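User: Can you walk me through this one? I have a few quick questions.

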Amino acid sequence: MPTFFTKAEARAAARTSIVAKSFGATKTATQVIRESRSAATDTEKFDIFLSHSIVDAELVLGVKHLLEQRGLKVYVDWKNDAKLDRSAVTPETAEMLKKRMNQSASLLYLASEAASNSKWMPWELGYFDGLRGGHVAVMPLVDDPNDRFVGQEYLGLYPKVTQDSYKGTTKKDVFVEKATGWATLDEFRQPTFSWHKYSA
């Protein structure tokens with residue numbers, strides 16, 4: 001049965017990433033991401049643009065780590081474009097985010113309690129949907145993997161990111177699911193893909 005990712009899973013992955021990158025020093029998720037900054041180039045390609053609230057630094061670091069473990073290249077603005085000021089809505093910030101979304105194959109909207117207060121997330125979602133419709137998904141982070149996700153109404157328009165095992169195996173994968181079909185996350189980020197139909 002498909003389940004959503006939990007906050008506990010994201011936090012555990014963040015701790016793993018922090019330990020790996022801090023060499024025994026006690027650091028926060030924000031410190032680890034900022035210290036591992038690397039300036040993105042104008043020709044660099046990303047599999048996923050991770051739309052998120054800065055308030056969720058630990059969860060963002062954990063999700064980024066989980067996705068990168070799957071071999072995916074993830075754009076996080078405060079890691080890849082350190083000079084960006086998301087606290088102010090400016091044309092310069094908007095242009096840089098547009099550029100990075102143009103360089104990204106898909107967008108995952110990290111749905112958390114803090115997301116509903118973000119200035120940028122709804123704008124990023126709308127821009128990317130217009131840019132590459134069909135390559136936008138919502139990734140809810142819940143307390144319990146079997147929780148239902150009830151987000152802001154407009155999030156119901158988009159497929160959701162889940163995890164599940166293949167039938168008859170213990171092999172887990174990450175999926176993007178909508179009412180009429182599904183794709184693996186790896187398929188979803190491809191320029192063209194087809195939704196698999198649910199079997200009866």
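Analyst: Sure, we can go through some strands, a helix and two single residues. Keep in mind that this is a predicted model.

User: Start with strand β4, residues 104-111. How many of its residues are buried?

Analyst: 7 of the 8. So β4 is largely enclosed by the rest of the structure.

User: Which sense does β2 pair with β4 in, parallel or antiparallel?

Analyst: Parallel. Strand β2 covers residues 46-51, and 5 bridges link it to β4. Within that pairing, Leu50 sits opposite Leu108 of β4.

User: And what about β4 and β5, how many bridges there?

Analyst: 5 bridges, with the two strands running parallel. β5 spans residues 136-142. Tyr109 has Val138 in β5 as its bridge partner.

User: What does the chain pass through from β4 to β5?

Analyst: Helix α6, residues 121-131. That makes a β-α-β crossover, and its hand is right-handed.

User: Back to β2. Asp47 is in that strand. Is Asp47 buried or exposed?

Analyst: Buried. Its relative accessible area is 15%, and the cut-off for buried is under 20%.

User: What does the Asp47 side chain reach?

Analyst: The backbone nitrogen of Lys73, at 2.7 Å.

User: What else does Asp47 touch, leaving out residues up to four places away in sequence?

Analyst: Gly71, Leu72 and Lys73 on one stretch of the list, then Ala105, Ser106 and Arg189. Ala105 and Ser106 fall within β4, residues 104-111.

User: New topic, helix α3. What is its span from first C-alpha to last?

Analyst: 16 Å for 12 residues, 57-68. That is close to the 16 Å expected at 1.5 Å a residue.

User: Is α3 mostly covered or mostly open?

Analyst: Mostly covered. 9 of its 12 residues are buried. Among them are Leu59, Val60, Leu61, Val63 and Leu67. Lys64 and His65 are buried too.

User: Last one, Phe5. Where is it found?

Analyst: In strand β1, residues 5-6. Phe5 is buried, with a relative accessible area of 7%.

User: Which residues is Phe5 in contact with, setting aside neighbours within four places in sequence?

Analyst: Met139, Pro140, Leu141 and Val142 are on the list. So are Leu66, Val161, Thr162, Gln163 and Val174.

User: And how far apart are the C-alpha atoms of Phe5 and Asp143?

Analyst: They are separated by 8.6 Å. Along the chain, Phe5 and Asp143 are 138 residues apart.

Technical notes. Residues are numbered from 1 along each chain as its sequence is written. This is a predicted model: local features need pLDDT of at least 70, side-chain atom pairs count only at pLDDT 80 or more; totals for chains, interfaces and linings use all residues. Side-chain values use heavy atoms; hydrogens and water are left out. Buried means under 20% relative accessible area, exposed over 50%, partly exposed in between (1.4 Å probe, protein chains only). Helices (H or I, at least four residues) and strands (E, at least two) are DSSP runs, numbered from the N terminus. Two strands pair if DSSP finds at least two bridges between them. A crossover is right-handed if, with the strands pointing away from the viewer, the path from the first strand over the helix to the second runs clockwise. A polar contact is a pair of N or O atoms within 3.5 Å; within protein, one must be able to donate a hydrogen and the other to accept it, and residues adjacent in sequence count only if both atoms are side-chain atoms. Contact means heavy atoms within 4.5 Å. The expected span of a helix is 1.5 Å times one less than its number of residues.
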